[in-house]
Amino acid sequence: MLGDVLRARATTSMDAYLASAATTSMTLRLPVVVSLTAHALMIALVLVAALGYVTPMPFPAVVAPSPPPTPDPPSQVTDARVFPNTLTLYSSLPLVPEQGDALSLYVADGVGINFLSLPDIGATYRQGNVEWRVWPGQALEGFIVRRVLPEYPRGTNTRGAVSVFIEYLIMRDGSVKVLRTSGPAPFTSAAQLAIERWVYRPLEYEDRRCEVVSRVEVRFDSEFAQPGMSR
């Protein structure tokens with residue numbers, strides 16, 4: 001009987017101790033959980049506030065490299081065989097050395113230029129408020145700063161020599177505009193394309209800038225035209 005009573009008390013005491021220990025553990029853990037939660041909330045608030053003030057760094061734009069500049073075409077000179085009775089050859093301008101101080105001139109095979117004698121040299125023509133003076137091209141060589149030689153049109157079946165006559169206008173700024181052409185279409189187009197790329201220094205007459213009309217013959221000879229250019 002006494003043993004039963006002692007066992008009952010022992011069991012009761014053990015249950016009370018365990019309940020007390022569990023309550024104590026929960027009591028000790030609760031402040032820790034609350035503290036960690038509060039710290040987590042504070043950190044989250046600080047991060048949100050910081051993100052509102054931080055300006056995102058822009059990513060650098062990726063720019064494709066520029067293509068290399070187009071090399072200048074080689075310097076050319078008209079073909080002496082096209083106008084065998086003339087003593088003057090005309091080169092492309094400006095003259096561009098190939099490397100260092102070396103200068104190589106390539107022949108524009110089958111292409112020749114001849115500035116015509118002008119019966120109306122010195123004449124003045126008026127176009128509205130604009131005055132044009134007629135002057136031979138060979139007398140203007142000291143003013144030209146850029147000259148492109150025509151290219152023989154490829155793919156044509158024309159045999160022999162073909163002459164194209166061009167009347168062109170040197171405007172006040174030195175640029176050139178073709179006024180009239182005479183000759184077969186593929187050849188006039190080739191001559192006009194080149195001549196409209198010529199550039200002169202502005203011309204003056206009586207201390208005033210003026211516009212000048214000149215005329216030139218461009219001759220293409222299939223007998224001398226070869227693929228590419230000879231030196």
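This report covers the fold, the nonpolar cores, one helix and one pocket of a protein chain.

The model is predicted. Its secondary structure amounts to two helices and 12 strands. Along the sequence the order is α-β-β-β-β-β-β-β-β-α-β-β-β-β. Of the contacts with a separation of 6 or more, 72% join residues 24 or more positions apart. Whole-chain values are tabulated below.

| Property of the protein chain | Value |
|---|---|
| Buried share of the 231 residues | 30% |
| Exposed area | about 15,800 Å² |
| Part of the exposed area from carbon and sulfur atoms | 62% |

**Cores**

The largest nonpolar core holds 31 residues. Which of them touch the most other members? They are I166, Y168, I170, I195, W198, Y200 and F220. Several elements each give this core at least two residues: the strands β3 (111-115), β7 (161-170), β8 (176-182) and β12 (211-221), and the helix α2 (185-195). A second core stands separate from it and has six residues, among them L116, L118, W132 and V213.

I170 deserves a separate look. Leaving aside residues up to four places away in sequence, I170 touches L140, S175, V176, Y200, L203, C210, E211 and V212. Y200 is also listed with I170 among the core residues that touch the most other members.

**Helix α2**

The buried residues of α2 are F187, T188, A190, A191, A194 and I195. Why do they lie on the same side of α2? They span an arc of only 160 degrees around the axis, so they share one side of the helix. The general geometry is familiar: an α-helix has 3.6 residues a turn, so residues three or four places apart point the same way. A185 and L193 sit on the other side of α2, and both are exposed. Among the elements that cover the buried residues of α2 are β7, β8 and β12. Those three strands also each supply at least two residues of the largest core, as does α2.

**Second largest pocket**

How much space lies in the second largest pocket? About 190 Å³. Its lining consists of R133, V134, W135, A139, L140, F143, L203, E204, Y205, C210 and V212. β5 (130-134) and β10 (204-205) each contribute at least two residues to that lining. The pocket also ties back to I170. L140, L203, C210 and V212 line the pocket, and I170 touches these four residues.

Definitions and conventions:
Residues numbered from 1 in each chain as written. Predicted model: local features only at pLDDT ≥ 70, side-chain atom pairs only at ≥ 80, totals over all residues. Heavy atoms only, no water. Core = buried A, V, L, I, M, F, W, Y, C linked by side-chain atoms within 4.5 Å. Buried < 20%, exposed > 50% of the residue type's maximum accessible area, 1.4 Å probe, protein only. Helix = DSSP H or I, 4+ residues; strand = E, 2+ residues; numbered from the N terminus. Contact = heavy atoms within 4.5 Å. Arc of directions from axis to C-beta. Areas by Shrake-Rupley, 256 points an atom, 1.4 Å probe, with all protein chains shown as cover. 1 Å grid on protein atoms, 1.4 Å probe; cavity = no way out; pocket = protein on both sides within 12 Å on 5 of 7 lines; lining within 4 Å. Points joined across faces, edges and corners; volume = space filled by probe spheres on them.
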